[in-house]
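Visitor: I would like to go through this model and ask for the reasoning behind each label.
Guide: Here is the entry.

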Amino acid sequence: MDSIGFAGLGVMGEPICRNMILKSGAKAQVFDLSPEPMERLKAFGARPAASVGAMAAEVDILFLSLPGGPELDRVARGPGGIIETGRAGLMVVDMTTAPVGLTREIAAAMAAKGIEWVDAPVARTRAAAEAGTLSIMVGGTAEQYRRALHWLNLAASDVTHCGPVGCGQVAKILNNMVLFETVVALSEALALGKAAGMDGKLLFDVLSKGSADSFALRNHGMKAMLPGDFPEGAFPTDYALKDVSYALDLAREAGIAAPGAELAERRLQVARAAGFGAEYFPALAKVTGQD
C-alpha cells in the first residue's frame, strides 16, 4: 500500500482524510496550520508532520486540500515547498479548487523534478465529505487516475476522469459556476414569490415538482434560504467569489462571454459588502434586489 500524507485539514480536508484513514487502515501523515484537526486525527492513527515539505520527502502520495490558488502556489513552489523537498516518484493529488492555468504550470514544474501532479477537486457539501459521498473530478493520465482511484473512492461515491491535467479543475470550476448562477436564480424566485404573496416554502416545494427542480434548490434553497440558515464554517461567500473568479478567468482566456457568471459575481460581491463574506454563500439571498 502506498504511504500517504494529507495537508489542509479544513472543512472538507479533515473529513476526507479521516475517511481515507478509517476505510484503508493507512498510517497517514497529516499537516495543517491549525493544530486542532491534527490532534483529532491522531485518534484515528494519523501522525502529525512538521510541514508539507517534510511529508513530500517521505510519502508516496501527498494529498492537498487548500483554500485556493495563492496557498497552493506557496505550498507547491515556495521555500521549503513540494518542488524543493519532494522526491522523484512522488505523486501529488491536489483536491484544492485552483485556477486551471496555475495547475498546469505547477504540473509542468513538478514533472521536471520527477514528481507527478494530479488535480482532483471535489464537489458536493460538507455533509457529503463527512459521509464519504463526494463527487471528485480528476485531471491526469489514465495511469495516474488508476493509481489515485483507490484512495479517492474512500472519500467519494463518484470519481470521474475528466482528461489530462487541469481538466479536473475545468469541470469543478464550471460545476460551481452553474451552482452559483442557479442560487442567484433561486434567490430571485424566492424574493419575487414572497413579494407577490406566496409562501416561500410552498413555492420551493412546487418548484421541486417541476422542471425547476435541482440539487441547488433542494440543498441551498430549502435547507439554507428558507430557514435563513447561513452558518460560518460552511462554504462561505468569500470562497464562492474566488471560485467564480476562476470561471471568469476561463471565459476571458477562451474569448467567450459569460454574463451569467458575471451576474453571480456581482451578487456575491454585494453580499460580501453587506458583511456576509464569512457566511454560507446562499446568504446572497439576503441582498437580492439590492445593488
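Guide: This is a predicted model. One place to begin is Met 198, which touches Gly 193, Leu 203 and Val 206, leaving aside residues up to four places away in sequence.

Visitor: What makes these residues count as touching Met 198?
Guide: Contact requires heavy atoms within 4.5 Å. Gly 193, Leu 203 and Val 206 are the residues that touch Met 198 once those up to four places away in sequence are set aside. Met 198 itself sits in the loop between α9 and α10.

Visitor: Why is Met 198 called partly exposed?
Guide: Its relative accessible area is 33%. Buried is under 20% and exposed is over 50%, so a value in between is partly exposed. As for distance, Met 198 and Ile 61 lie 137 residues apart in sequence and 53 Å apart in space, C-alpha to C-alpha.

Visitor: How do you know that Asp 213 is partly exposed?
Guide: By the accessibility cut-offs again: Asp 213 has a relative accessible area of 32%, and partly exposed covers the range between 20% and 50%. Asp 213 is in the loop between α10 (200–208) and α11. Its contacts, not counting residues up to four places away in sequence, are Leu 207, Ser 208 and Arg 218. Between Asp 213 and Leu 134 there are 20 Å in space, C-alpha to C-alpha, and 79 residues in sequence.

Visitor: What makes the phi angle of Arg 124 worth a remark?
Guide: Phi there is near 95°, which is a positive value in a residue other than glycine. Arg 124 belongs to the loop between β7 (122–123) and α7 (126–131). With 39% relative accessibility, Arg 124 counts as partly exposed.

Visitor: How many aromatic pairs are there?
Guide: Six.

Visitor: Why is the pair of Phe 180 and Phe 235 called stacked?
Guide: The ring centres are 6.3 Å apart and the planes differ by 10°. A pair needs centres within 6.5 Å, and planes under 30 degrees apart count as stacked, so both conditions are met. The pair joins distant parts of the chain: Phe 180 is in helix α9 (residues 167–195), Phe 235 is in the loop between α11 (215–225) and α12 (237–254), and they are 55 residues apart.

Visitor: Are these two rings buried or exposed?
Guide: Phe 180 has 1% relative accessibility and counts as buried. Phe 235, at 26%, is partly exposed.

Visitor: And why is the pair of Phe 180 and Phe 281 called edge-to-face?
Guide: Here the centres are 5.2 Å apart and the planes differ by 80°. Planes over 60 degrees apart count as edge-to-face, so the label follows. Phe 281 lies in the segment after α13 (259–276), 101 residues from Phe 180 in helix α9. Both Phe 180 and Phe 281 are buried.

Visitor: Which residues do the ring pairs link into a cluster?
Guide: Phe 180, Phe 235, Tyr 239, Tyr 280 and Phe 281.

Visitor: What does the whole chain contain in helices and strands?
Guide: There are 13 helices and nine strands.

Visitor: Why is the chain called as compact as a globular protein of that length?
Guide: Its radius of gyration is 20 Å, and the globule rule gives 19 Å for 291 residues; the two are close, so the description holds. Buried residues make up 52% of the 291.

Technical notes. Residues numbered from 1 in each chain as written. Predicted model: local features only at pLDDT ≥ 70, side-chain atom pairs only at ≥ 80, totals over all residues. Heavy atoms only, no water. Helix = DSSP H or I, 4+ residues; strand = E, 2+ residues; numbered from the N terminus. Rg over C-alpha atoms; globule rule 2.2 N^0.38 Å. Buried < 20%, exposed > 50% of the residue type's maximum accessible area, 1.4 Å probe, protein only.
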